[in-house]
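Let us walk through this model from one pairing of strands outward. Keep the sequence and the 3D view side by side.

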Amino acid sequence: MSQNKPQSDAIQNAKVTWEGCSVLLDINDGDRLVFSRLSAGSTLKIGNKNCSLQPLIGCPFGSLFQVENGKKGPYLSRIIPSTEDNNVQDKEDFQIKEESRDNRAIIDNNQAQNLTGEDIDEMRRQGATGNEIVEALIANSTTFEKKTQFSQEKYRRRKQKKYAPKVLLRRPFARSISEAYFKKYPVRIGFLRVDTLSLLLSMANIAPNSDVLVVDMIGGLLTGAVAERLGGTGFICNTYLGDTPYPMDIVRIFNFSNEICQRILRCSLNDLHSAQNGTCDQKQQLEGGCMLESQSNEQISLSATAEEVQLSSEDGLGLASDNDLSAVSKTCKAPKAGDKASKETIQLWKENGFSSLIIAAPEVDVWSFVKDLLPLLSYSAPFAIYHQYLQPLATCMHNLQVEKMAIGLQISEPWLREYQVLPSRTHPCMQMSATGGYILSGTRIYTG
Amino acid sequence: MLITDPTKKLSFNRCISDGDLVIVYERHDIMKAVKVCENSVLQNRFGVFKHSDWIGKPFGSKVFSDKGGFVYLLAPTPELWTLVLSHRTQILYIADISFVIMYLEIVPGCLVLESGTGSGSLTTSLARAVAPTGHVYTFDFHEQRAASAREDFERTGISSLVTVGVRDIQGEGFPDDFVGMADSVFLDLPQPWLAIPSAGRMLKQDGILCSFSPCIEQVQRSCETLRSNFTDIRTFEVLLRTYEVREWKTDCSKVDEGGSVGFPPCKRRQPSNERSVQDNPSSLQVMARPSAESRGHTGYLTFARLKCLS
């Protein structure tokens with residue numbers, strides 16, 4: 001592998017993209033969020049155009065790009081924003097004047113715009129930039145001058161999005177990944193909101209060097225978020241009922257180094273318990289081996305077929321679906337996480353107990369899980385259990401109280417509200433998420 | 001509190017020893033931090049507890065007083081510490097703290113700047129997030145408060161991860177030693193807009209700043225200042241609602257005064273017997289409702305990312 005990757009220990013904090021790195025592309029201020037893997041062949045579909053992502057390689061995270069029309073078709077061109085000191089000053093001067101305009105003179109008859117679609121196509125043929133088209137649209141709008149300054153800004157923004165789309169290059173962190181999934185595919189992550197995720201990590205005291213027992217039935221988001229906090233120390237034991245581990249594809253979106261991936265291990269609940277008697281089941285070992293093998297097969301077949309890394313589809317959502325993600329994994333050669341835990345490691349966990357427990361299992365009866373998992377936790381170790389419904393947690397909390405297995409039990413529901421902050425126009429955002437789910441937290445006690 | 005010494009790591013075999021910091025848990029809302037000292041005692045409404053009785057017991061143990069009263073001894077965590085620390089200032093609580101750490105994208109190895117230090121509630125969680133290789137530099141203009149914070153960080157065992165400086169960040173800005181070094185900056189100041197230009201100079205490219213302010217006027221002014229050098233400016237309010245859980249008789253309109261704990265253990269709920277519970281009119285049911293009182297406001301959290309210019 002002769003990729004120009006930075007030193008693996010630097011990946012966690014790298015500020016510049018590299019070939020094969022996973023990125024989050026924010027198109028038009030959050031209108032669309034696309035996860036992608038940067039390579040010479042990867043492209044991004046914006047509107048009806050395909051743009052190569054090649055220009056993004058080697059750019060700092062946070063760089064802004066605009067779609068420009070080139071001879072060989074549209075391409076992404078980096079824009080360096082100016083520090084807007086002067087600009088802002090002008091605006092503020094303007095805003096100090098009382099707004100005298102209102103919408104009494106605006107008539108909705110669809111005749112305000114003098115430019116036709118053909119006119120715009122013609123401009124494009126002549127090589128006009130997106131910004132020039134936006135300016136032309138404004139100049140040819142009969143109502144623009146009558147609008148309030150606020151709606152002028154809105155108009156300009158709307159046209160900009162259509163004719164001069166912008167792409168912001170973001171580094172995927174637990175924050176951005178969880179926000180993007182919550183926005184586009186909340187079902188896949190069990191409606192776990194970013195503030196709820198952050199609380200889970202705190203309440204379970206996720207700290208470097210800890211051994212964290214995780215039940216992650218939300219696609220790997222929880223596992224990834226915990227691994228990000230461990231930073232290549234400690235261990236994650238991703239456990240599951242039955243023989244098939246739960247998928248954790250989302251882990252691959254984090255740019256984890258090998259060191260971090262090696263800390264993410266899998267172990268079935270059966271193995272965790274049978275290890276208590278010191279007899280690790282031979283059969284299960286075999287199954288684990290098969291599982292790994294089938295995964296590598298899948299990867300090989302993908303590398304044979306998938307030519308380009310393209311996550312976004314016509315629907316414009318573009319968040320990696322399971323298939324897309326697998327396609328990504330081929331070019332990226334992202335280090336693989338989720339090896340089967342060795343007998344020795346399991347034995348160590350059994351002897352010492354885990355230092356934290358986190359559960360996000362929307363489809364399993366919480367109590368039946370907790371009563372099996374809690375005994376694996378060290379005394380005085382905290383746990384945090386997520387559920388999108390209140391009742392299973394209430395039942396679980398009651399049972400824990402009755403059985404005197406834990407103290408400090410509390411069910412919390414986070415509430416998150418975003419604000420629009422603008423001069424004289426500050427208010428809560430008109431739309432908000434009404435629920436981010438519930439958390440049951442507590443501390444295991446010594447009952448011996 | 002943090003595992004810097006592997007022998008101190010929480011495990012089935014980790015017992016309380018002389019010199020350990022323990023959280024004495026009476027109730028979920030009555031806790032106290034105590035340094036274990038062989039000859040010392042703890043006296044509270046349950047009686048007298050001898051520390052010597054605690055030594056050699058596992059963390060999480062129930063211990064008894066001379067009168068038979070009991071408390072639990074817990075290993076400290078940043079969350080528990082926030083509940084027991086001495087309030088020298090208004091402090092940040094778990095909802096804001098968690099959100100700040102997540103939104104500032106703090107991971108092990110980060111360099112974080114904070115001002116003011118206050119009572120060190122957030123600082124403790126910041127230290128956990130940057131450990132084992134990162135560092136938190138926190139500043140307060142109040143010399144005595146900074147000294148108390150330093151003592152606290154010694155006590156909780158995080159002093160190798162935190163440096164407390166005495167400095168008026170609003171007036172002087174952050175020290176020049178940190179120019180372009182910080183992954184994130186956290187401000188909890190009365191006039192954050194005065195410190196924002198300096199904070200911007202300290203940040204690495206694409207670094208994130210957070211400002212916590214109780215009043216919307218402060219937010220308004222901070223955002224105006226942020227717009228020149230920062231992007232992705234977002235303001236949030238985050239709160240927690242807690243729930244009370246009780247067991248009710250479904251055929252009875254009145255709640256039993258004993259609450260849930262007074263009842264004999266109900267039959268374990270199987271996934272399939274949910275329906276049968278409803279069919280049986282006299283069965284017990286666990287129900288939850290929001291606690292009557294809750295915190296209505298803490299502060300607004302404004303986040304912004306340094307514009308990427310190079």
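Start where two chains share a sheet. Strand S14(A) pairs with strand S12 of chain B, residues 230-249, in the antiparallel sense. Nine bridges join the two strands. To find the register, pick A:Ser412: the residue opposite is B:Thr242 in S12(B). Bear in mind that this is a predicted model.

Stay with this region and look at the side chains. B:Arg241 and A:Glu413 form a salt bridge, with 3.7 Å from N to O. That distance is within the 4 Å cut-off, so the pair counts as a salt bridge. How many salt bridges cross the interface of chain A and chain B? The rule finds eight. Polar contacts can be counted there too: 25 residue pairs, both partners at pLDDT 80 or more.

Which elements of chain A build its side of the contact? Helices H2 (85-96), H6 (174-184), H7 (194-203), H8 (221-230), H13 (343-352) and H15 (391-402) each supply at least two residues. Strands S14 (406-420) and S16 (438-444) of chain A do so as well. S14(A) gives the largest share, twelve residues. By character, the side of chain A that touches chain B divides into 38 nonpolar, 28 polar and 20 charged residues.

Now the interface in total. Chain A puts 86 residues into the contact, and chain B puts in 74. The size of an interface is often given as the accessible area lost when the parts come together. Here chain A and chain B bury about 7,300 Å² between them. Carbon and sulfur atoms account for 58% of that area.

Turn to chain B on its own. Its secondary structure comes to nine helices and 14 strands. The chain has 310 residues, and 55% of them are buried. Consider also how its contacts are spread along the sequence. Among those between residues at least 6 apart, 64% join residues at least 24 apart.

One helix of chain B deserves a stop. Is helix H3, residues 94-103 of chain B, enclosed or open? It is largely enclosed by the rest of the structure, because nine of its ten residues are buried. Among them are B:Ile97, B:Phe99, B:Val100, B:Ile101 and B:Met102. The buried set also includes B:Asp96 and B:Ser98. Just after H3(B), B:Glu105 takes a positive phi of about 55°.

Next, B:Arg14. This residue lies in the segment before strand S1 (21-27) of chain B. Buried or exposed? B:Arg14 has a relative accessible area of 12%, which is under 20%, so it counts as buried. Its side chain makes a polar contact of 3.2 Å with that of B:Asp20. Beyond four places in sequence, B:Arg14 touches B:Thr7, B:Lys8, B:Lys9, B:Asp20, B:Pro58 and B:Phe59.

Back to chain A, and to strand S7, residues 166-170. Four of its five residues are buried, so S7(A) is largely enclosed by the rest of the structure. What pairs with it? Strand S1 of chain A, residues 22-27, runs antiparallel to S7(A) over four bridges. In that pairing A:Leu24 stands opposite A:Arg170. Strand S5 of chain A, residues 64-70, also pairs with S7(A) in the antiparallel sense, over three bridges. There A:Phe65 stands opposite A:Val167.

A parallel pairing comes next. Strand S8 of chain A, residues 211-216, and S9(A) are joined over four bridges in the parallel sense. A:Asp211 stands opposite A:Phe235 in S9(A). Strand S9, residues 235-240 of chain A, is mostly covered, with five of its six residues buried.

End on A:Asp216, found in strand S8 of chain A. Its relative accessible area is 0%, so A:Asp216 is buried. What does its side chain reach? The backbone nitrogen of A:Ile218 is at 2.9 Å. The backbone nitrogen of A:Gly220 lies 3.2 Å from a polar atom of the same side chain, that of A:Asp216. Leaving aside neighbours within four places in sequence, A:Asp216 is in contact with A:Leu221, A:Leu222, A:Thr223, A:Asn238, A:Tyr246 and A:Ala360. Of these, A:Asn238 is 22 residues from A:Asp216 along the chain, and their C-alpha atoms are separated by 6.9 Å.

Conventions
Residues numbered from 1 in each chain as written. Chains lettered and ligands numbered in written order. Predicted model: local features only at pLDDT ≥ 70, side-chain atom pairs only at ≥ 80, totals over all residues. Heavy atoms only, no water. Contact = heavy atoms within 4.5 Å. Buried area = accessible area lost by both parts, 1.4 Å probe. Salt bridge = Lys/Arg side-chain N within 4 Å of Asp/Glu carboxyl O. Polar contact = N/O pair within 3.5 Å; in protein donor to acceptor, adjacent residues only side chain to side chain. Nonpolar A, V, L, I, M, F, W, Y, C, P; charged D, E, K, R; others polar. Pairing = 2+ DSSP bridges. Buried < 20%, exposed > 50% of the residue type's maximum accessible area, 1.4 Å probe, protein only.
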